[in-house]
Amino acid sequence: MLCLSSLSTLLLLLLLYSPPLSAQEVFIRLAGVGRRNANEGRVEVFYNGAWGTVCDDEVDLNLANVVCRQLGFQRSLTWAHSAKFGQGQGLIWLDNVHCKGTELSIAECTSNGWGVNDCTHAEDLGVICSPERSQPRQRNPPPALSPPAPPAGLAQVSSVSARGHEIALHRSSSSTRRSSISPQENGHEIQILRRNRGSSRVDQQVSPALPQGHQLPTHLASGATYRQRQETARTSPQALRREANGQSERRSERQQQQFSGNHVEPDLVYPDMGLETDAHYTQGSSRVHLEEARLRSVLSSNHGGLVTEGVLEVKHAGRWRHVCSQGWDLSSSRVVCGMLGFPAAEAFDKNAYRLSTQISKKAYWVEKVHCQGVEPSLSQCQAQLSIPRSDVPCRGGMHAVVRCVPGFQFTRNGRAPAPPTVPPVVRLKAGPRLGEGRVEVLREGKWGTVCDHLWDISAASVVCRELGFGTAKEALTQAQLGQGTGPIHMNSVQCTGREKSITECHYRPVPLYSCKHSQDVAVRCNIPNTGMQATVRLAGGREPAEGRVEVLMEVGGVKRWGSVCSENWGINEAMVVCRQLGLGFASRAHQETWYWPGSSDARDVVLSGTHCIGTEISIQQCRRNTHMYCPRGGDGRAAGVTCVETAPDLVLDAQLVQETAYLEDRPLHLLTCANEENCLSSSAARMNWPYGHRRLLRFSSRIMNMGRADFRPRASRESWTWHQCHRHYHSIEVFTHYDLLTLNGTKVAEGHKASFCLEDTYCPDGIHKRYACYNMGQQGISVGCWDTYRHDIDCQWVDITDVRPGEYIFQVEVNPSLDMAESDFQNNVMRCRCKYDGARVYMFGCHAGDAYSAEAEDLFDHQRQISNNFL
């Protein structure tokens, strides 16, 4: 008996015991934001009943291959670090994962152990798998992981391929109130039926009386027939008696009637039949949401392809409608122009449009639109659709006509924009597209940022209009388009929307240390449709954001497509192309495109000698050869670009240079390696080595990546150059230029620094160091981190042995040859006033190159009256 009792106890324990998950029972999935296809995303692992992420430390392609094959893809294309697909939530299950590549599951790889990590979700791993599928190595997720079943009472409509919701549009026959009120009050009941993608049949039958999906009931099939029938019913004696007896009942029922589920009760509206030729008007509402607006040019008044004047059409409920001119004023026109990317509207004679026969009245009108003039879009204005059963639409009026005033950038018929007549006091920096960027304002000759407290769409719209754009689409906070440097000039900005400049708005000054650059504001403005985007395209790329550049140019009086000569093709030209296409920044400017086949109608080179400053709106606005000259030829040597959404931005710490500058007389026998790397002036070659010394101006430099992407060397590790004397690799041959200039700009001494160690020397709290030079590690500078070159390392100097005492300008330029892409190249230069008396050196007035106005910078070149610009 004892044996039987023990045996039963053992069996019970075996039944209750849940063994640890095997490799085949650890599930993975791809999730996150910014995914273009199902074969890419953030890696999430299901273990011990919970989903968690994987840290990207020490990741290689073997791990990515194991993940992709476990998911049913043939292989991995690459992996993505730093939460490229967004930061996950909850647990971080795995860290320091090492795979051989032959494992059946990620659980078979070695790691620190489940849940053991030193990471944050900013380091979540992502993978991009090949689109080709294979047999998945994991079972379907357990039932607990499947989407929950819909609540009881909700109908399930079967469709394997259907997505989203099915909308059943019908009039409720169960409501006493609905059957008794007039058609003006009787709106629609909208039933949203969830589709069950995995089901092959209807689990719960829907009443046949209710229409399925977008199928309209027969009494709504014809608007004219339905209204005629309703009009007859209302005028009959029975209807009049019912209306007299039921008014009080309807009033009480309207207060007590409660609806559940997805029931929508519009305010006194008719259904939109979508019949353009109907003579009656079926919807009248005190509040109509107008989605979009456009101008239809009738009498043609274009500026470089811009439509600045025309008949207004607005989009409501998916249809374009005319707007009645009754009550339409210049304030409403200003709102429309702001939506279309123009800063202002102007009055003009509209009689020509009244006489025009080129436009006919449509059946659907928007009447009684009233705007204050400060709204960011028409959706904020009061509007009403045409009155029901009106015989004449817009009685006594005509189509509303609008004339907009384009910004100064768009008034030169496709040519490069003229500079503004008045020096600007506001600018946008580091924006990926035209009309986007961090807001900076000019005060007392110094550029500074704006703190995000109370920042809203009204203030952002004032900035956009001031810069020649329309109203703001978005008012961004928390340095979403990158952090600035220097002072923070404004906080708690409040605008009415009528100000001509942000400096006219009410704001508070910013006490020292009360606001950080992590709170810098930015804007995205509405910009006009210039048509420039249709005059350039990318061909042959694996993705839409890369390829051979093809432009539409006029050749012999005929417009034709062709390629661009890659002679002198650089990052500035590539930046203009990417911005023109709305694809962000350029990460590479390609001078050879053998691997990207061009279009059949664009084989010839039609643009050569292209030289862009980087601020042009289109590649056609850049300087170019009048006559075609391309010694490199086209085809495989045509120009190409790769565009990206984010880019790094390097800024030099001016304060550290000013504080650490000093002179050293260094013996020649200690400068042998430096001489091999050309870090000394040319006169050093004529000295009697190893006797004598050189006078060096030494200093420390600290470079911060303030952009939105890591700064990486262009060359891969396999292409780095080994220097035997110093015994290290150079990832970038010339990373920094050091120059000593006279006050009139003549160079009297120079130096340069190769990037032998580009790493995260210091990162603020919350940011993990990603790059280290030790043991030929990966080089780069993470977002928000510093790379410091100390004053006591070789080549961190300027050789001033041959320089006479006097006053000079000391200049440091990072990434001087623009080999690596950045979101802003104008802040790569730092300048200081330098006084050398023959024995000592003084640095003062150090600042970033774009930190001051043109007038203040000119004052700096000739006087000493300028203050420091600290990060």
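In this predicted model, Cys679 and Cys795 are linked by a disulfide with an S to S distance of 1.8 Å. The torsion about their S-S bond is about 90°, so this disulfide is right-handed. Cys679 sits in the loop between helix 11 (672–676) and strand 34, and Cys795 in the loop between strand 40 and strand 41, so the pair ties together parts that are 116 residues apart in sequence. Both ends of the link are shielded: Cys679 is buried, with a relative accessible area of 4%, and Cys795 counts as buried at 2%.

The strands named with this disulfide lead into the sheets. Strand 34 covers residues 693–698 and pairs with strand 41 in the antiparallel sense over three bridges. Within this pairing, Leu697 has Val798 of strand 41 as its bridge partner. The two strands belong to an open sheet of three strands, in the order 33-34-41, with antiparallel pairing. Strand 33 (662–667) and strand 41 (797–799) are the edge strands, each pairing on one side only. From one strand to the next, the twist averages 35°.

Strand 40, residues 786–789, takes part in another pairing: four bridges join strand 35 to strand 40, and the two run antiparallel. Strand 35 is also joined to strand 32 (residues 650–652), through three bridges and again antiparallel. Ile703 appears in both pairings. Its bridge partner in strand 40 is Asp787, while Leu652 has Ile703 as its partner in strand 35. Four of the five residues of strand 35 (residues 701–705) are buried, so this strand is largely enclosed by the rest of the structure.

A similar description applies to strand 43. Seven of the eight residues in strand 43 (residues 829–836) are buried, so the strand is largely enclosed by the rest of the structure. Strand 42 (residues 806–814) is joined to strand 43 by eight bridges, and the two run antiparallel. Strand 44 (residues 841–848) is joined to strand 43 by six bridges, also in the antiparallel sense. Lys835 has a place in both pairings: Lys835 is the bridge partner of Glu807, and it stands opposite Tyr842 in strand 44. Strands 43 and 44 form a hairpin with four residues between them, and Gly838 in the turn has a positive phi of about 100°.

Cys834 is a cysteine to check when looking for further links. Its sulfur is 8.2 Å from the closest cysteine sulfur, in Cys832, which is too far for a bond. Cys834 is nonetheless buried, with a relative accessible area of 3%.

In total, the structure holds 14 disulfides. One of them joins Cys68 to Cys129, with an S to S distance of 2.0 Å. This link is left-handed, with -85° about the S-S bond. Cys68 lies in helix 2 (residues 61–71) and Cys129 in strand 6 (residues 126–129), so the disulfide ties together parts that are 61 residues apart in sequence. Cys68 counts as buried at 0% relative accessibility, and Cys129 likewise counts as buried at 0%.

Another disulfide is formed by Cys464 and Cys525, whose sulfur atoms are 1.9 Å apart. Its torsion about the S-S bond is about -80°, so it is left-handed. Cys464 lies in helix 8 and Cys525 in strand 25 (residues 522–525), so here too the pair ties together parts that are 61 residues apart in sequence. Cys464 is buried, with a relative accessible area of 0%, and Cys525 counts as buried at 2%.

Nonpolar side chains in soluble globular proteins tend to be buried together. The largest nonpolar core here has 48 residues, and those with the most contacts inside it are Leu312, Trp328, Leu378, Trp455 and Val493. Helix 8 (residues 457–466) supplies the largest share of this core, five residues. Leaving aside neighbours within four places in sequence, Leu378 is in contact with residues including Leu290, Val314, Trp328, Met339 and Cys371. Apart from this core lies another, of 32 residues, among them Leu650, Leu697, Tyr789 and Tyr836. Of these, Leu697 is the residue already met as the bridge partner of Val798 in strand 41.

How values were computed. Residues numbered from 1 in each chain as written. Predicted model: local features only at pLDDT ≥ 70, side-chain atom pairs only at ≥ 80, totals over all residues. Heavy atoms only, no water. Buried < 20%, exposed > 50% of the residue type's maximum accessible area, 1.4 Å probe, protein only. Pairing = 2+ DSSP bridges. Axes fitted to C-alpha atoms, helices over the stretch in contact; angles between N-to-C directions. Core = buried A, V, L, I, M, F, W, Y, C linked by side-chain atoms within 4.5 Å. Contact = heavy atoms within 4.5 Å. Disulfide = S-S within 2.5 Å.
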